[in-house]
Structures are given as structure tokens and as C-alpha cells.
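Trainee: I'd like to go through this model label by label and check each one against its cut-off. Could you pull it up?

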Amino acid sequence: MVQKINPYTPLGFPAKIIRLNHGLTLIHQQIDVTPVAVVDVWVKAGAIAEPNHWGGMAHFLEHMIFKGSKDILPGVFDQIIEHHGGVTNAFTSHDYAHFFLTTAATQLPQALPYLGEILLKAEIPDEEFIREREVVLEEIRSSFDDPDWLGFQTLCETLYQHHPYGKPILGHEAQLRQYSPHQMRCFHRTHYQPDNMTVVVVGNVPEDEALSLVEKTFDGFSVPSECPPTQINQEPPLVEIRRNQMYLPNLAQGRLLMGWIGPGVTRLEDSVGLDLLSVILGCGRTSRLVRELREEKQLVWDIESSFSLQRDSSIFTIGAWLDPRQLDRVEKVIGDRLAQLQQKPVTETELSKAKRLLCHDYIFSTETPSQLAGLYGYYHTLASAELSLTYPIIIEQYTAKDLQRIACQYLSPERYAITIMQPC
């Protein structure tokens, strides 16, 4: 027995949301014109769920999930999925672990049970744990060879000095060497439970078939375990400029990365405003910072701004690649332009262009079954799937005065974090 909830929202949400009796949520949308079926599994078991001193456990577990179960030996899962013409992969963030499977709709009943098996009944063998740990450690080492990753991680640690959003998703090498398979099994059995899981099925699969398949596949969860408690501290507001200066060998050009903390998903209206401001400031040749600093004054080789939505709070960034001798000057220009946003509303031409660009990007992001599954699962894991439909509606309602308020509230030219990287 299942309970169907919100089959259609007032906004005409095209998918159905179904909650199974044991707590797992199924989101289903049938698309007859495609021969493909996509299954996204979202688990509220990202880095934010890790107990203190267990950093990197969520990402490491993502690797170990694919090592199979008692009945699916290491390497067998990949062979089975490929045999059925499918593709599968996974990704871990702070807010979630995300697993996905794409296959022909006719092959889904044969392929999906294997994904459910390894997710619910991961064996985590001792020998494979030790072997795969070396793979994860190499991934950590490789990340330090990427200056852009290093700069962004340093910026996050500077912005988030209390909240776990500041810790690296990959964890630290010294910590990972201390973990045991038993700890990982505990983390898995604590968080890979039905209340934490959303399964999205999009493609040429009828609702009754999808429901029956998910009910059979996602059954027999392990007995819940209990990890050490996870403490999430709220990040206090920035009251200063926090600086990090880094000197890296073999760095060909300087880098400047500035960051501000924005609202989380519960304040989506404000988040959308920051998305619009990121386009106005640093997206395309005619955006304010690109036009002035790259095209006209040629103070940077490139510059961009971006906004990343998260559950508890989000990050707005401005990044530039430039000659190190221009660092101070470029930082000052950016601060002045943020002050201008607070003092004077953007023009209607700028606002209309930004709205058009983001609305078109949204439309392009809903073209395929995999994009739709990702959109529904992402929003439902952070808050609710129906919110995914409100994004373009909120954009169209924004005014220049609204954006001025958002700039004043979140983008202070006197309170931000900054990471500067220069060649040695």
C-alpha cells in the first residue's frame, strides 16, 4: 500500500509524487516519446551528515557502494549494467549522495534491481575497503594539483568557519587512513534508510510499472544503525573581509576569488535574485565586470560570477584570472561595482537580458529525461520537488528595485571572503 501525495500542484507539476509506506519517496513522470528510462536515487547522506572527525566518509561510501553486496561481487554490477546497455554513475555533495542509472525502458526491470541491491545491502568488504581507500586518497592528492579547486575549497573554509559546508567533501588523507570498514557500515546503515531516500523515474515507463518495480527493488532495508551524533552549527554573518594569500609553484597566472554567503533553499526568492545578479555582473561579454575589466580596461584575462544553491545557505562568487600586479586594482573595481548595485537599480535592459538568459537556461535544462530526473530529485532532496517549477516564475516577477534590495542584503563590498593565488 502507498499513499499518493500532491499528484498535481496548482502550478501543473508534471510528475507524480508517491510516498511508500516505509517512507521512501518516488517521483514519476512518463514520457512516451522516448525509448529511454532514467532512475535517479537521491540520499540525504552527503558530507553534511558526517559525524565530527568522519570527514570524507560520505564520498568514500559512494565508491564502496559500487563494490557490491553479498550476492553481487566486486565488478559484477558494472558488467550487468553494461550487458543491459545501461550507464550508471554517482556524485556526492555536502547535501546529498546521488546515484543514477540510464537504460532502455525495456531493460529497466532487469537492470534496476541490481542498483537497489548495492544501495540497500552494500557489503563493504574489508579487502575492497583497503583497496578503494587508495583510489580515494589519490583523488584527494590530485585535487591539490588543481589551483581552481584549491582556491574554491580555501574560500569555502574561510566563509564557513562553523557550518560543515566549509569542510572538503573528499575529506583529509590523515583522517581517511584511520577509518575502518565497521565505521562505514555504521554510516551506511544509519543514513541509507527509506526516509532519507528519493527515487525518481522519468521516461517511457507507465506509473503502475514504475511503482511496482520500485516497491520490489527498494525493499528489505538493513536494520538502522546509529552513528555518533552530527552537529550542524549555524554560520554567523560575516562582519569583516577575510583574506587568504596563497603562493603556488607552476601557476601560470594569478587568481582572485571572492565569496559571499547567500540564503538557502527555504528563501528561494532571494536566491533567484542572486542568480540574476550573477548574470548581470559576470556572464557574457556585455555583463558589467566582463565588459569593463576584460573587454575595455583589459585588467583581467577572464572574469565570471556564479551562484550555487544549497540547503542551508548558498555561495555567491566572483572569480578572475589575471596578472598578479593587477590584483589590488581589480578587487577595488569589483567592490565599487557592488556598491553601485546597492546605490542605483540595474537598468531594465540589463534585467530583461538576465531574465531571458536564465529562463532559456532553465528550458534547456528540462529537455531530456536525465535532466528532468536530476531537477526533481535535487529540489526534493533540498526541499520539495514542486519548487523546481517555480524558478522561472520567480525570475519573471523580479524588478530592478528587488535586485537592489538583494544586493544590499547579501553582497557587501566591505564583508566578504577572498582567496588570492599567485605564482611562487
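Mentor: Sure, starting with pairing: two strands pair if DSSP finds at least two bridges between them. Helices (H or I, at least four residues) and strands (E, at least two) are DSSP runs, numbered from the N terminus. This is a predicted model, so local features need pLDDT of at least 70 and side-chain atom pairs count only at pLDDT 80 or more, while totals for chains, interfaces and linings use all residues. Residues are numbered from 1 along each chain as its sequence is written, and side-chain values use heavy atoms, with hydrogens and water left out.

Trainee: How do you know that strand 10 and strand 11 pair, and in which sense?

Mentor: DSSP needs at least two bridges, and strand 10 and strand 11 (residues 313-322) have 7 of them, in the antiparallel sense. One example is serine 305, whose bridge partner in strand 11 is isoleucine 318.

Trainee: Which sheet do they sit in, and what makes a strand an edge strand there?

Mentor: Strands 10 and 11 belong to an open sheet of 5 strands, ordered 8-12-9-11-10, with mixed pairing. Strand 8 (241-248) and strand 10 (302-308) are the edge strands, since each pairs on one side only. On average, neighbouring strands of this sheet are turned by 15° against each other, direction ignored.

Trainee: What packs on that sheet?

Mentor: Helix 9 does, touching strand 9 (254-263), strand 10 and strand 11. Contact means heavy atoms within 4.5 Å. The direction of helix 9 makes about 170° with that of strand 10.

Trainee: And which residues does phenylalanine 152 touch?

Mentor: Leaving out residues up to four places away in sequence, phenylalanine 152 touches Leu257, Ile315 and Thr317. Phenylalanine 152 lies in helix 5 (residues 147-159), and its C-alpha atom is 12 Å from that of serine 306, 154 residues apart along the chain.

Trainee: Is phenylalanine 152 buried, exposed or something in between?

Mentor: Buried means under 20% relative accessible area, exposed over 50%, and partly exposed in between (1.4 Å probe, protein chains only). Phenylalanine 152 has 35% relative accessibility, so it counts as partly exposed.

Trainee: Back to helix 9: how is it oriented to helix 15?

Mentor: The axes of helix 9 (residues 268-282) and helix 15 (residues 400-410) come within 9 Å and cross at roughly 95°. Axes are lines fitted to C-alpha atoms, for helices over the stretch in contact, with angles from 0 to 180 degrees between N-to-C directions. Under 35 degrees is roughly parallel, over 145 roughly antiparallel, 65 to 115 roughly perpendicular, and the rest oblique. Helix 9 and helix 15 are therefore roughly perpendicular to each other.

Trainee: Which residues meet there?

Mentor: Asp270, Gly273, Leu274, Leu276, Leu277 and Ile280 in helix 9 meet Leu403, Arg405, Ile406, Ala407, Gln409 and Tyr410 in helix 15. The residues of this contact split into 8 nonpolar, 2 polar and 2 charged. Here Ala, Val, Leu, Ile, Met, Phe, Trp, Tyr, Cys and Pro count as nonpolar, Asp, Glu, Lys and Arg as charged, and the others, Gly among them, as polar.

Trainee: What makes glutamate 295 and arginine 285 a salt bridge?

Mentor: The rule is a side-chain nitrogen of Lys or Arg within 4 Å of a carboxyl oxygen of Asp or Glu. For glutamate 295 and arginine 285, the closest N and O atoms are 3.3 Å apart, and the pair forms a salt bridge. Glutamate 295 is in helix 10 (residues 288-296) and arginine 285 in the loop between helix 9 and helix 10, 10 residues apart. Glutamate 295 also bridges arginine 294, at 2.7 Å.

Trainee: Why are their exposure labels what they are?

Mentor: Arginine 285 has a relative accessible area of 59%, so it is exposed. Glutamate 295 is at 29%, so it counts as partly exposed, and arginine 294, at 23%, is therefore partly exposed too.

Trainee: How many salt bridges does the rule give?

Mentor: The count comes to 25. Arginine 325 and aspartate 323 form one of them, with closest N and O atoms 2.7 Å apart. Arginine 325 is at 73%, so it is exposed. Elsewhere, shared partners join Glu134, Glu138, Arg141, Glu173 and Arg177 into one network.
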